[in-house]
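Have you ever wondered how a label such as "buried" or "disulfide" gets attached to part of a protein? Let us take a few labels and ask what stands behind each of them.

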Amino acid sequence: MTAPLSASAPASVSATVTVPAASSAAGTGAEPLGATALADSWRPPLSTRGRYLVDADGDRFKLRSANWSGAQGSWNGSGDITDPASHHDAEKSDQLPLGLDRAPLATILADFHALGINSVRLPFSNEMLHDRRPVPDAAVAANPQLRGRTPLQVFDAVIAATTAEGFAVVLNNHTNTSRWCCGLDGNERWNTSQSTAQWEADWLAVARRYKDDKRVVGADLYNEVRRTVMDDANWGRGDDHDWWTASRRLGDRLLTEANPDLLVIVEGINWQGIPADGLPHGRPTLEPARTLSHTLVAANKLVYSAHFYGYTGPNHTGATGTGETHDPRYQELSRDELFATLDRQAFFVAEDTGRHYTAPVWISEFGIGADETDPRARAWFGHLVDHLIAHDTDFAYWPLLGFTGHGRWKLLDYDSAGRRSGILDGSDWRATDWIRLVTAPGRSGQIPVTDTWDMLNLDHDDAVASLRARAGGDWDSGARKGVCPDGQRLVGLAHRDGRGLCTDAGAPGLAAPAGALTVVTDERHVTDGDWATGYTKLQCPRGQFLTGYSVRGQAVSAALCAPAARALPTAGRTVWFDRGDNRPAGAPGGEFALGNYKGQCATGEYAAGIAFTGAWAKGKTPDALLCRTL
């Protein structure tokens with residue numbers, strides 16, 4: 001039974017939950033924050049500064065998280081859906097966060113405090129959002145105040161109680177349908193079992209629904225994008241399976257139409273190819289972002305994420321039997337090989353500063369069983385924890401809780417009488433590594449504002465990342481347009497394919513707060529001498545700088561200029577890139593147009609013009625930039 005999703009939480013939702021004082025198990029060494037201390041330790045909303053997340057005061061907020069699964073569904077996809085045996089680990093969730101049938105919400109949240117986490121990743125399915133049936137009484141047996149509510153209304157109450165305790169909540173669209181992830185299950189992509197339009201509409205409604213709860217800090221757009229039986233998701237091809245395009249578009253819509261405070265969290269592609277020896281296959285994760293990253297209308301809202309499990313591998317699905325290849329699993333790599341692989345696949349995003357892809361990276365799933373006996377698997381877990389600590393990386397363990405005797409991956413288990421067991425109780429071998437992880441020292445306090453770099457990609461569509469330009473309407477109808485985010489200037493262009501590079505390095509706050517943008521289509525502003533003889537020159541008026549450009553096919557169509565907040569010098573130079581790269585030493589900003597020649601002004605310069613020619617075989621592609629001293 002489905003129905004349209006309301007964008008506002010029902011008035012009956014209450015965050016009033018009396019939570020017992022948090023206490024950790026004897027001998028763990030954990031020093032958890034209680035509700036008041038956690039709430040007082042940070043002020044929402046969250047944003048990014050370089051590789052770090054910061055709160056509203058500019059203080060570092062490290063996501064020390066775990067996944068409270070269940071609302072995404074637990075059914076395995078076959079058998080009687082009402083029979084617990086047909087659900088993963090026989091843990092029938094009824095589309096609710098697990099544990100509400102076994103322990104009061106207050107007790108569960110107190111145990112979260114005891115674990116030492118400060119945030120919760122909360123998965124959900126699109127199906128759950130629209131299910132108007134009341135949940136079974138048995139599904140909320142330990143929380144009778146939730147009887148008679150729909151799954152979404154219970155979700156509302158869980159979020160309200162969790163954020164009231166000071167936890168940050170990240171919402172994660174885990175599946176289309178309410179079933180266990182992840183395989184060939186109809187949930188491989190955001191649009192496998194539904195349309196992209198429905199996916200976007202659901203996210204907009206969810207973001208609006210929790211907009212007033214400022215501790216709902218992030219939207220993790222989709223979980224583990226991967227291959228269907230027939231074909232792959234991709235990163236940048238411009239088709240209906242293009243995860244880069246879909247996530248960038250939705251991220252902008254969330255920030256402009258629903259909630260500008262949210263973090264936009266984008267996972268890499270989890271799997272491509274057919275898992276068979278001799279055929280191409282692998283786990284791209286975040287590697288494509290090196291040359292094609294996301295530029296949002298708010299440059300300080302992007303977070304990248306990745307998942308790592310020891311039984312999988314960079315080219316191994318994790319399967320045993322069907323789908324298993326002879327590629328190594330992560331837990332079969334040496335410590336040094338593992339670290340190099342982790343860095344190549346994900347950690348580089350945060351470690352490589354001053355790049356268009358630089359952002360916080362959140363390892364939003366990893367985990368291992370308490371009953372694991374394979375020494376290689378145990379060693380892998382310790383090595384991963386070492387790497388997370390060494391790189392001061394944000395993390396989220398999978399999963400937080402479950403049922404006693406039903407699988408051993410959870411940090412916490414509750415039996416049918418509500419008695420707790422798990423990592424806080426007894427001899428769980430994972431406890432030492434867990435406590436090391438949640439108590440590890442890291443960067444804290446004020447994080448200085450850093451230079452920002454972003455790239456523009458006009459391969460298939462517009463890339464207008466400026467709210468100011470968007471408000472002005474279509475300034476070159478029929479052309480593909482790229483405009484830097486507000487506060488940045490254009491400093492680099494590719495000779496072909498419409499790629500650009502933006503930054504605020506060397507001149508933060510360069511743009512005047514008011515004044516119209518200027519569209520330049522001819523040479524009327526070339527008044528200071530011919531800086532590209534024989535070439536057509538689109539030059540900004542005096543006192544303005546390049547913030548955007550447009551192309552038709554490969555040909556330059558127009559330049560877009562923004563007024564500066566101060567007088568701009570006119571002394572400069574011509575940077576030619578029609579026969580090779582012409583970039584500053586070290587190529588600040590990173591590779592933004594792989595395989596194409598690129599021209600780039602220095603960080604102490606601004607771009608004031610673009611030159612091109614329609615001579616034979618030239619095609620009016622960008623050939624030179626006019627770079628002037630700031």
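The questions and answers below go through some labels, one at a time.

Q: What should I know about the model before we start?
A: It is a predicted model, in which local features need pLDDT of at least 70 and side-chain atom pairs count only at pLDDT 80 or more, while totals for chains, interfaces and linings use all residues. Residues are numbered from 1 along each chain as its sequence is written, and side-chain values use heavy atoms, with hydrogens and water left out.

Q: Why is arginine 499 called buried?
A: Buried means under 20% relative accessible area, exposed means over 50%, and partly exposed lies in between (1.4 Å probe, protein chains only). Arginine 499 has 12% relative accessibility, so it counts as buried.

Q: What does the side chain of arginine 499 reach at 3.2 Å?
A: That is the backbone oxygen of phenylalanine 592. The side chain also reaches the backbone oxygen of threonine 291, at 3.4 Å. A polar contact is a pair of N or O atoms within 3.5 Å; within protein, one must be able to donate a hydrogen and the other to accept it, and residues adjacent in sequence count only if both atoms are side-chain atoms. Both distances fit that limit.

Q: What makes cysteine 484 and cysteine 502 a disulfide?
A: A disulfide is a pair of cysteine sulfur atoms within 2.5 Å. The sulfur atoms of cysteine 484 and cysteine 502 are 2.1 Å apart, so they qualify under that rule. The torsion about their S-S bond is about -80 degrees, so the disulfide is left-handed. Cysteine 502 lies in strand β20, whereas cysteine 484 is in the loop between β18 (480-483) and β19 (489-494). Helices (H or I, at least four residues) and strands (E, at least two) are DSSP runs, numbered from the N terminus.

Q: How many disulfides does this rule give?
A: The count comes to three. Cysteine 540 is joined to cysteine 561 (S to S 2.1 Å), and cysteine 601 to cysteine 627 (S to S 2.0 Å).

Q: Why do cysteine 601 and cysteine 627 count as buried?
A: Cysteine 601 has a relative accessible area of 2%, so it is buried. Cysteine 627 is buried too, because its value is 0%.

Q: Why is strand β24 described as largely enclosed by the rest of the structure?
A: Nine of the nine residues of strand β24 (residues 555-563) are buried, so the description follows.

Q: How do you know that β23 and β24 pair?
A: Two strands pair if DSSP finds at least two bridges between them. Strand β23 (residues 544-552) and β24 share eight bridges in the antiparallel sense, so they pair. One bridge sets leucine 546 against cysteine 561. Strand β21 (residues 518-520) is joined to β24 by three bridges, also antiparallel.

Q: How do you know that the span of helix α8 agrees with expectation?
A: The expected span of a helix is 1.5 Å times one less than its number of residues. For the 16 residues of α8 (residues 375-390) this should be 22 Å, and the end C-alpha atoms are 22 Å apart, so the two agree.

Q: What makes a set of residues a nonpolar core?
A: The set holds buried Ala, Val, Leu, Ile, Met, Phe, Trp, Tyr and Cys residues joined through side-chain atoms within 4.5 Å. The largest here has 128 residues, of which Trp68, Phe112, Trp243 and Trp434 touch the most other members. Helix α7 (residues 335-351) gives the most to this core, with eight residues.
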